Amino acid sequence: MRRLSVIIPTFRRPEGFLRAARSVLAQDATCEIVGLDNAPEHSARAAFAAFKREAGARFGWAHERRAGVANARNAALDLAHGALIAWLDDD
């Protein structure tokens, strides 16, 4: 189990997600990063695939079709494995 999971929900800001996720990679070599796309059209799919190639096993992601940040956050929590959870916005 990783000690820290950093959860980054995103809604139609794939570039913002990438900026935020890469900043986490640059700061911590051990944490897990969880991305959650909350846009109905799954606008972050390409960004998530690109980041998966960079971060490998440290990155997990999902798409939550139900609108609302609470739904996105709850879905992301289901993916997190860390003993501690940190939230980071995509903007």
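Trp61 is partly exposed, with a relative accessible area of 35%, where partly exposed covers the range between buried (under 20% relative accessible area) and exposed (over 50%), computed with a 1.4 Å probe on protein chains only. The model is a predicted one, in which local features need pLDDT of at least 70 and side-chain atom pairs count only at pLDDT 80 or more, while totals for chains, interfaces and linings use all residues. Residues are numbered from 1 along each chain as its sequence is written, and side-chain values use heavy atoms, with hydrogens and water left out.

## Aromatic pairs

A search of the whole structure finds 6 aromatic pairs, a pair being two rings of Phe, Tyr or Trp (its six-membered ring) whose centres lie within 6.5 Å, with planes under 30 degrees apart counted as stacked, over 60 as edge-to-face and the rest as tilted. The rings of Phe48 and Trp61 have centres 5.4 Å apart and planes at 55°, so this pair is tilted. The pair links distant parts of the chain, since Phe48 belongs to helix H2 (residues 45-55) and Trp61 to strand S3 (residues 59-63), 13 residues apart; helices (H or I, at least four residues) and strands (E, at least two) are DSSP runs, numbered from the N terminus. Phe48, at 0% relative accessibility, counts as buried.

Phe51 and Phe59 form an edge-to-face pair, with 4.9 Å from centre to centre and 85° between the planes, and both Phe51 and Phe59 are buried. Ring pairs join Phe17, Phe48, Phe51, Phe59 and Trp61 into a cluster.

Arg73 lies over the face of Trp87, at 5.8 Å from the ring centre; a charge sits over a ring if NZ of Lys or CZ of Arg is within 6 Å of the ring centre and within 35 degrees of the ring normal.

## Salt bridges

Side chains of opposite charge can pair when their charged atoms come close. A search of the whole structure finds 5 salt bridges, each defined as a side-chain nitrogen of Lys or Arg within 4 Å of a carboxyl oxygen of Asp or Glu. The table gives some of them.

| Salt bridge | N to O distance | Separation along the chain |
|---|---|---|
| Arg13 and Asp90 | 2.9 Å | 77 residues |
| Arg13 and Asp91 | 3.9 Å | 78 residues |
| Glu54 and Arg22 | 2.5 Å | 32 residues |

Arg13, Asp90 and Asp91 are linked in a network of salt bridges. Within this network, Arg13 is partly exposed at 38% relative accessibility, Asp90 is buried at 5%, and Asp91 is exposed with a relative accessible area of 71%. The salt bridge between Glu54 and Arg22 involves residues of helix H2 and helix H1 respectively, and its partners are partly exposed, Glu54 at 41% and Arg22 at 37%.

## A buried arginine without a salt bridge

Which side chain of opposite charge is nearest to Arg58? Arg58 is buried yet has no salt bridge, and the nearest such side chain, that of Asp28, is 4.9 Å away; in this count Lys and Arg are positive and Asp and Glu negative, whereas His and the chain ends are not counted. The backbone oxygen of Asp28, however, lies 2.8 Å from a polar atom of the Arg58 side chain. Arg58 is placed in the loop between H2 and S3, and, leaving aside neighbours within four places in sequence, its contacts (heavy atoms within 4.5 Å) include Arg2, Leu25, Asp28 and Glu32.

## Backbone and helix details

Arg12, in the loop between strand S1 (4-10) and helix H1 (14-27), has a phi near 60°, a positive value in a residue other than glycine, and is partly exposed with a relative accessible area of 46%. His42 likewise has a phi near 60°, but this residue lies in the loop between strand S2 (32-37) and H2 and counts as buried at 8% relative accessibility.

Asn71, in helix H3 (residues 69-79), is partly exposed at 22% relative accessibility. Not counting residues up to four places away in sequence, Asn71 touches Glu64 and Arg66, and the C-alpha atoms of Asn71 and Leu36, 35 residues apart along the chain, are separated by 10.0 Å.

Definitions and conventions. A polar contact is a pair of N or O atoms within 3.5 Å; within protein, one must be able to donate a hydrogen and the other to accept it, and residues adjacent in sequence count only if both atoms are side-chain atoms.
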